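Student: I have a model open and would like to learn how to read it. Where do I start?

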Amino acid sequence: MGTDTPQSGQHFAIKSWRHIPESTDIIFQYTCDIYGDFHEKVTFPGTPEKLEAFASGSGAAVLDLLSVALGVSTYKLAAASTISLTPLTRAGREMAKSLYTEGLAEFYVRNSLPYPPPLTFAGEILDALPDAATGQEGPPLVAFGGGKDSYVARAILNSAGHQAQLASVVLGEAVENVLTATAPKTPLFIQRRLDPKLYEIAPKAFSGHVPITAINMLVLAVSAE
């Protein structure tokens, strides 16, 4: 936390996401009643055509869930009491509640905020979604962050006859360079780019850990399609 006293917000909205044509970028948009609008960009591997087909089909529901998960990084600036969600199924709504409550438990406690947080979740609840189409077979992705768990998971899959592909979600070039130098094989990199405005506001806002594993697993789920 910075020298200024952080302000608690009243409303945080998870807005739309969009695929930038002829690219492998998805933009995710958010609004905070104290700090205004934010966007985050994720650059996925593959081709623009493949991502467009995924985003315009059954993959849209996965991207809706990803927009919820990514939103915690912006939400925590003001920890608003009401969160407006994009339309989700009941299962998606429960996932969102978990991410913004249990997933941010340490954040609330370290910032002396009430826990459990008295949150209100708004937004349309959808009926069950149709089954997603089965994608093409490809190598299994193993999340790689340089730790021993990544090596163990890769070894287990390789011993079972699968040539596992290491994959890393990175926020900057420095991390990418370290992982490239230390990985047994160059990982598949997925780039996250937070809104620069977030870094400007951070010294005067709430700060703390986010449920990064949930975020990365949803990013990898999109990348694996």
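**Reading the fold, starting from one residue**

Tutor: Start with Thr 74, which is buried, with a relative accessible area of 4%. Keep in mind that this is a predicted model.

Student: What cut-off makes a residue buried rather than exposed?

Tutor: Buried means under 20% relative accessible area, and exposed means over 50%. At 4%, Thr 74 is buried.

Student: Which element holds Thr 74?

Tutor: Thr 74 sits in helix H3, residues 72-75.

Student: And which residues does Thr 74 touch, leaving out those up to four places away in sequence?

Tutor: With those left out, Thr 74 touches Phe 12, Tyr 30, Phe 38 and Leu 198.

Student: How do I take in the whole protein before the details?

Tutor: Count elements, then look at overall dimensions. The protein has nine helices and 10 strands. Its radius of gyration is 18 Å, close to the 17 Å that the globule rule gives for 225 residues, so the protein is as compact as a globular protein of that length. The C-alpha trace spans about 50 × 40 × 35 Å along its principal axes.

Student: What share of the residues is buried, and how much surface is accessible?

Tutor: Of the 225 residues, 42% count as buried. The accessible surface comes to about 11,700 Å², with 55% of it belonging to carbon and sulfur atoms.

Student: How do I read a sheet?

Tutor: Write down the strand order, then the pairing, then the edges. Here eight strands form an open sheet with mixed pairing, in the order E6-E4-E1-E2-E3-E10-E9-E8. Strand E6 (120-122) and strand E8 (141-143) stand at the edges with a single partner strand each, so one side of each has no neighbour in the sheet. Neighbouring strands are turned by 20° against each other on average, direction ignored.

Student: Which strand pairs run antiparallel, and which run parallel?

Tutor: E1 and E2 pair in the antiparallel sense over six bridges. Eight bridges join E2 (residues 25-32) to E3 (residues 36-43), also antiparallel. E8 and E9, in contrast, run parallel and are joined by three bridges.

Student: How do I follow the pairing residue by residue?

Tutor: Look for residues that stand opposite each other. His 19 stands opposite Ile 26 in E2. On the pairing with E3, Phe 28 stands opposite Glu 40, and Gln 29 opposite His 39. In the parallel pair, Val 142 stands opposite Leu 166 in E9.

Student: How many residues lie between the strands of each hairpin?

Tutor: The hairpin of E1 and E2 has five residues between the strands, and Glu 22 in that turn has a positive phi of about 60°. The hairpin of E2 and E3 has three.

Student: How well covered are the strands E2 and E9?

Tutor: Both are mostly covered. Six of the eight residues of E2 are buried, as are five of the six residues of E9.

Student: How do I see which helices lie against the sheet?

Tutor: List the strands each helix touches, then check the angle. H2 packs on the sheet, touching E1 (11-19), E2, E3 and E10 (188-193), and its direction makes about 45° with that of E2. Helix H9 (residues 212-223) lies across E3, E8, E9 (165-170) and E10, and runs at about 120° to E10.

Student: Why is H2 called largely enclosed?

Tutor: Eight of its 11 residues are buried, so the rest of the structure largely encloses H2. Among the buried ones are Leu 63, Asp 64, Leu 66 and Val 68.

Student: How do I read the nonpolar core?

Tutor: Find its extent, then its best-connected members. The largest nonpolar core has 51 residues, and Tyr 75 and Tyr 100 have the most contacts inside it. Helix H2 (residues 60-70) gives the most to this core, with six residues. Apart from it lies another core of eight residues, among them Val 142, Val 170, Ala 183 and Phe 189.

Student: What does Tyr 100 touch?

Tutor: Beyond four places in sequence, its contacts include Phe 12, Val 68, Tyr 75, Tyr 108 and Pro 117.

Student: Where is Pro 117, and is it buried or exposed?

Tutor: Pro 117 is in the loop between helix H5 (105-110) and E6. Pro 117 is buried, with a relative accessible area of 12%. Leaving aside neighbours within four places in sequence, Pro 117 is in contact with Tyr 100, Thr 101 and Tyr 108.

Note on methods:
Residues numbered from 1 in each chain as written. Predicted model: local features only at pLDDT ≥ 70, side-chain atom pairs only at ≥ 80, totals over all residues. Heavy atoms only, no water. Core = buried A, V, L, I, M, F, W, Y, C linked by side-chain atoms within 4.5 Å. Buried < 20%, exposed > 50% of the residue type's maximum accessible area, 1.4 Å probe, protein only. Helix = DSSP H or I, 4+ residues; strand = E, 2+ residues; numbered from the N terminus. Contact = heavy atoms within 4.5 Å. Pairing = 2+ DSSP bridges. Axes fitted to C-alpha atoms, helices over the stretch in contact; angles between N-to-C directions. Rg over C-alpha atoms; globule rule 2.2 N^0.38 Å. Areas by Shrake-Rupley, 256 points an atom, 1.4 Å probe, with all protein chains shown as cover.
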